[in-house]
Each structure stands twice: as structure tokens, then as C-alpha cells.
Amino acid sequence: MNTMHESSHPIRGHGRLVGVGVGPGDPELVTTKAIRVIRESDHVVAPSTAPDAIGRAEAIVREAAPGTPIDRVCFDMSVDAEATCREIAATVLIPRLRQGLQVAFVTIGDPNMYSTFSSVATAVRSADPCVAIDTVPGIMAFQALAAKSGTVLLDGVESLTLLTALDGMGPIQSALSCDQRAVVIYKGGRNAAAIRSCIESSGRLEGAVAGELLGLPGERVVAARELDGRPASYLSTVIVPPGSRIRQAE
Ligand SMILES: C[S@@+](CC[C@H](N)C(=O)[O-])C[C@H]1O[C@@H](n2cnc3c(N)ncnc32)[C@H](O)[C@@H]1O
């Protein structure tokens, strides 16, 4: 699969699709470029779970760029993600792009990180390879959490592993075993208790933080040791700073 986006000028009549990252939730974390591209686009589309459900990205755009007309595209990724993206490409995006228009697809965080946009871009590219495809980077949840919790994520020669909890605790345990690495865990809301145990058994609870619904109503930022047995929101992020700092402080 070609995952590189074409940033060339569109061939006349083939339009431009732009994946626009709108940050984790706080409308003040939407970049000036994102707002400009949203305002300049002929159409703005936002993912949603139902025609009458306002998705996260749409809610952010409503606050950051009030008055922008937004078309919802419904995703049921549990059915067949590829088929869903192909259908959205064929019925919503390609007809507009073939008129030579610019379509902004807004997405939370960054469009190149765990985003539906990459699947949508692949479907559009295979339907019409002449469409130009670009992205506008967005601030990610872990950056917002580092700022909110006053956590220095990396320094000196430290490195970062960003992973999801979708493959269970094995990959998380193995990332935590390297002391020089900060570890960021996405999509772990359902497994909050297991993640806490993993961090504890690696001796790295000190300084680890969890953020839920960052920048959104109901936001919660807590020390990871306070994660209890209850599942957190799907929008949950955990940061475990490099363990070598704990050892140095001891
Ligand atoms: C489908 S991924 C989207 C990632 C997004 N493209 C990005 O760059 O941040 C969803 C995951 O991102 C994290 N996330 C996104 N927004 C968040 C928020 N407002 N608060 C906490 N975590 C968030 C959570 O780990 C969530 O499970």
C-alpha cells in the first residue's frame, strides 16, 4: 500500500483532498494553518457515527471556525473499514473532487497518526490516482497531556515509544522494559487497570500520568497510580516518562 500522500498540484478537474488535523479537543490548539485550509476549502467533511451525531472533529471545528458548513460522513469501522472508506470515497469525495474542488477532511489530533484519514486517502487514491492529497499536521493528545501535567517527555538521548493497547499488555510491557524510553499509550481506556498494573510492575509509576477527554467537557488528568478498576473513556492517553530519571533521583 502506498502511504505517501501526493503533494503535487492537482490536475485540472481532479481536485485536492486535504486531511486536516484539528488537535485533541481544545479549539485553541487548532493551528492557524488548519483554520485557513478549512476556510479556503470548497467542502469540509467530518467523520461521525450517525447522521445526527456530531463527531469530535466537527465539535472542535464548530468552536475554532464558527459558521463553517460541515458535511458528516458516517463511519461504522466495526463492519468493514476498507469497504466503508471505499464507499465514502465513491459517494461523497470523488464526485466533488472530480469537479476540481478542494475538500478538507477534518480529523482529531494529527491526520498521519492512527487516523481514519489514511484509509480514506488510500480509497480516494485507488479510485482516482490524479487527485492531489495533502495533510495539515495537528497537535496530538500526548502533547496536550504533557503540557497539562507539566511532564517533560524527552530530554538528551531519551527516546519515545508511542503505541496502542489494542494488542494487549505484551507490547506495553516490552516498551516499558527499556528505561531510556518514554512510553505513550493510546486507545487504552478499556484496559486502564491492566495498564496501571503493567506500569507498576515495571517500577515506573512515579511521574506516569493519564489524561481523559483532553480539552473536552469532562477532562480528567490524574497520576497513573490513581487509575482504578473502572474503564476510562476511549479518548484516554497515558504517558510514562523515562524510568532512568526515577533511578537517577533515587
Ligand atoms: C483513533 S486515535 C486518534 C489519534 C489522533 N489522530 C491523534 O493524532 O492524536 C484515538 C486515540 O487518540 C488518543 N486521543 C485523541 N484525542 C484525545 C483526547 N482529547 N484526550 C485523550 N486522548 C485522546 C486516545 O488514546 C484515543 O484512544
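## Strands, domains and a ligand shell

Student: How many bridges join S2 to S3?

Tutor: S2 and S3 run parallel to each other in this predicted model. One of the pairs to look at is Pro47, whose bridge partner in S3 is Val73. The number of bridges joining S2 to S3 is four.

Student: Which residue in S4 does Val44 stand opposite?

Tutor: Strand S2 (43-48) is where to start. S2 also runs parallel to S4, with three bridges joining them. In S4, the residue opposite Val44 is Ala104.

Student: What covers the buried residues of H2?

Tutor: Begin with the residues to be covered: in helix H2 (residues 56-64), the buried ones are Arg56, Ala57, Glu58, Ile60, Val61 and Ala64. An α-helix has 3.6 residues a turn, so residues three or four places apart point the same way. The cover over the buried residues of H2 includes helix H1 (32-40), strand S2 (43-48), strand S3 (71-74) and strand S4 (102-107).

Student: How far apart are the end C-alpha atoms of H4, and what should its twelve residues span?

Tutor: Helix H4 covers residues 116-127, and the rise to use is 1.5 Å a residue. Its buried residues include Phe117, Val120 and Val124. The expected span is 16 Å, which agrees with the distance between the end C-alpha atoms of H4, 17 Å.

Student: Are the faces of S8 covered or not, and which residues are on each side?

Tutor: In a regular strand the side chains alternate between the two faces of the sheet. Both faces of S8 are covered, and the four residues named here are all buried. On one side are Val209 and Gly211, and on the other are Ala210 and Glu212.

Student: Which residue in S10 does Val209 stand opposite?

Tutor: S8 has antiparallel pairings with two strands. Four bridges join S8 to strand S9 (residues 220-223), where Glu212 stands opposite Arg220. Four bridges also join S8 to S10. In S10, the residue opposite Val209 is Ile239.

Student: Is Leu213 buried or exposed?

Tutor: Leu213 sits in the loop between S8 and S9, and its phi is positive, about 50°, although it is not a glycine. Most residues other than glycine have a negative phi. Because Leu213 has 20 C-beta neighbours inside 10 Å, it counts as buried.

Student: And Lys187: buried, exposed or partly exposed?

Tutor: Lys187 lies in the loop between strand S7 (181-186) and helix H7 (192-201). Its phi is also positive, near 55°. Lys187 has 16 other C-beta atoms within 10 Å, so it is partly exposed.

Student: How far apart do the C-alpha centres of domain 1 and domain 2 lie?

Tutor: The domain assignment gives domain 1 (16-136) and domain 2 (141-249). Six residues of domain 1 are in contact with eight residues of domain 2. On the side of domain 1 that touches domain 2, the residues divide into three nonpolar, two polar and one charged. The C-alpha centres of the two domains lie apart by 29 Å.

Student: How many residues surround the ligand, and which are the closest?

Tutor: The shell around the ligand draws at least three residues from each of domain 1 and domain 2. Strands S8 (209-212) and S10 (236-240) each supply at least two residues of that shell, and by class the shell has twelve nonpolar, eight polar and three charged residues. The residues surrounding the ligand number 23, and the closest are Pro24, Gly109, Ala141, Tyr186 and Leu214.

Technical notes. Residues are numbered from 1 along each chain as its sequence is written. This is a predicted model: local features need pLDDT of at least 70, side-chain atom pairs count only at pLDDT 80 or more; totals for chains, interfaces and linings use all residues. A residue is near a molecule or strand if its C-beta atom, placed from the backbone, lies within 6 Å of it. Ala, Val, Leu, Ile, Met, Phe, Trp, Tyr, Cys and Pro count as nonpolar, Asp, Glu, Lys and Arg as charged, and the others, Gly among them, as polar. Domain bounds come from an automatic or database domain assignment. A residue is buried if 20 or more other C-beta atoms lie within 10 Å of its own, exposed if 12 or fewer, and partly exposed in between; C-beta atoms are placed from the backbone. Two residues are in contact if their C-beta atoms, placed from the backbone, lie within 7 Å. Two strands pair if DSSP finds at least two bridges between them. The expected span of a helix is 1.5 Å times one less than its number of residues.
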